[in-house]
Every structure is written in C-alpha cells, then in structure tokens.
Amino acid sequence: SRRRHTRLQGDWSSDVCSSDLINLYPNPATHKFSLEGDGLENASVSVFDVVGNRVEYHPIVTERMMDFYTDRWNPGVYLVEVLQGDKKATKKVLVY
C-alpha cells in the first residue's frame with residue numbers, strides 16, 4: 001500500500017499546553033519509545049521527521065500510554081505532537 005505523507009506547518013517549538021503532562025522515554029531510542037501521561041487520553045498523536053513529513057499518526061488515543069516502534073524509521077530527530085482538544089504539546093526524540 002502507498003503511504004500518504006502530511007507536512008507539519010508552523011513553529012515547531014511553540015507549545016500551547018505544558019508538555020510536562022506527557023513523558024517520552026527512552027530518549028534517545030533505538031527500536032522503540034513510549035509516551036505516557038494524562039495528556040494522551042482522548043488525544044491525537046502525530047510523529048514528524050525533521051523535514052516535516054508525518055511518519056506516524058494515531059487519530060484517537062484512549063490509553064495513558066502508547067509505544068512507537070522505530071525499526072523502519074531513518075535515524076534522526078523526530079517531533080511528537082500531541083493534540084488534546086485545543087491544547088498542543090510537542091516532544092523531541094532522537095532515534096538511532
């Protein structure tokens with residue numbers, strides 16, 4: 001199947017809400033990393049590479065924790081964007 005890419009627009013460094021409600025570990029990551037926290041419930045999660053291509057998307061998260069498997073990703077820095085209602089938090093993760 002053909003993958004559809006979406007580009008991230010805007011300022012990557014601005015957080016509308018505190019990203020302290022979400023933990024990302026381990027960072028740096030080799031084969032997988034996890035997100036955990038209250039900020040995940042009823043949120044959508046996107047992961048973008050450094051050029052802004054979306055590499056993973058989860059439209060509705062119902063748990064307080066989720067894993068991302070990175071074996072097929074290129075090594076580099078990725079941005080994890082969590083949208084919960086009108087709040088947005090962004091975390092960086094290094095995959096190698």
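A residue counts as buried here when its relative accessible area is under 20%, and as exposed when that figure is over 50%, with partly exposed in between. Keep that scale in mind as we walk through this structure, which is a predicted model.

Let's start with the sheet. Four strands make up an open sheet, and they line up in the order β4-β3-β6-β7 with antiparallel pairing. The edges belong to β4 (54-61) and β7, and each of these has a single partner strand, so one side of each is left without a neighbour in the sheet. On average, neighbouring strands in this sheet are turned by 15° against each other, direction ignored.

Now look at the pairing of β3 with β6. Strand β3 covers residues 43-49 and strand β6 covers residues 76-84; the two run antiparallel and are joined by six bridges. One spot to find on screen is D49, which sits opposite Y78 in β6. Hang on to Y78, because this residue is buried, with a relative accessible area of just 5%, against the cut-off of 20%.

Y78 also leads us to the aromatic side chains. Together with F33, F68 and W73, Y78 forms one aromatic cluster. Counting ring pairs gives three aromatic pairs. Take F33 and W73: their ring centres are 6.0 Å apart and the planes meet at 65°, making the pair edge-to-face. F33 lies in strand β2 (residues 32-36), while W73 is in the loop between β5 (65-69) and β6, so this pair ties together parts that are 40 residues apart in sequence. F33 and W73 are both buried.

W73 has another aromatic partner in Y78. The centres of the W73 and Y78 rings are 4.9 Å apart with the planes at 40°, so this pair counts as tilted. What is the relative accessible area of W73? The value for W73 is 12%, so the residue is buried.

Finally, let's move to the surface. Which residues make the nonpolar surface patch? The patch is formed by V50, V51, V77, L94 and Y96, and its area is about 480 Å². L94 takes us back to the sheet, since this residue lies in strand β7 (residues 87-95), and β7 is one of the edge strands. The relative accessibility of L94 is 36%, so L94 counts as partly exposed.

Terms used: Residues are numbered from 1 along each chain as its sequence is written. This is a predicted model: local features need pLDDT of at least 70, side-chain atom pairs count only at pLDDT 80 or more; totals for chains, interfaces and linings use all residues. Side-chain values use heavy atoms; hydrogens and water are left out. Patches are made of residues with over 30% relative accessible area and no salt bridge: like charges are joined within 9 Å, nonpolar side chains (Val, Leu, Ile, Met, Phe, Trp, Tyr) within 5 Å. Accessible areas come from the Shrake-Rupley method with a 1.4 Å probe; for residues, only the protein chains shown count as cover. A salt bridge is a side-chain nitrogen of Lys or Arg within 4 Å of a carboxyl oxygen of Asp or Glu. Buried means under 20% relative accessible area, exposed over 50%, partly exposed in between (1.4 Å probe, protein chains only). Two strands pair if DSSP finds at least two bridges between them. Axes are lines fitted to C-alpha atoms, for helices over the stretch in contact, and angles run from 0 to 180 degrees between N-to-C directions. Rings of Phe, Tyr and Trp (its six-membered ring) pair if their centres lie within 6.5 Å; planes under 30 degrees apart count as stacked, over 60 as edge-to-face and the rest as tilted.
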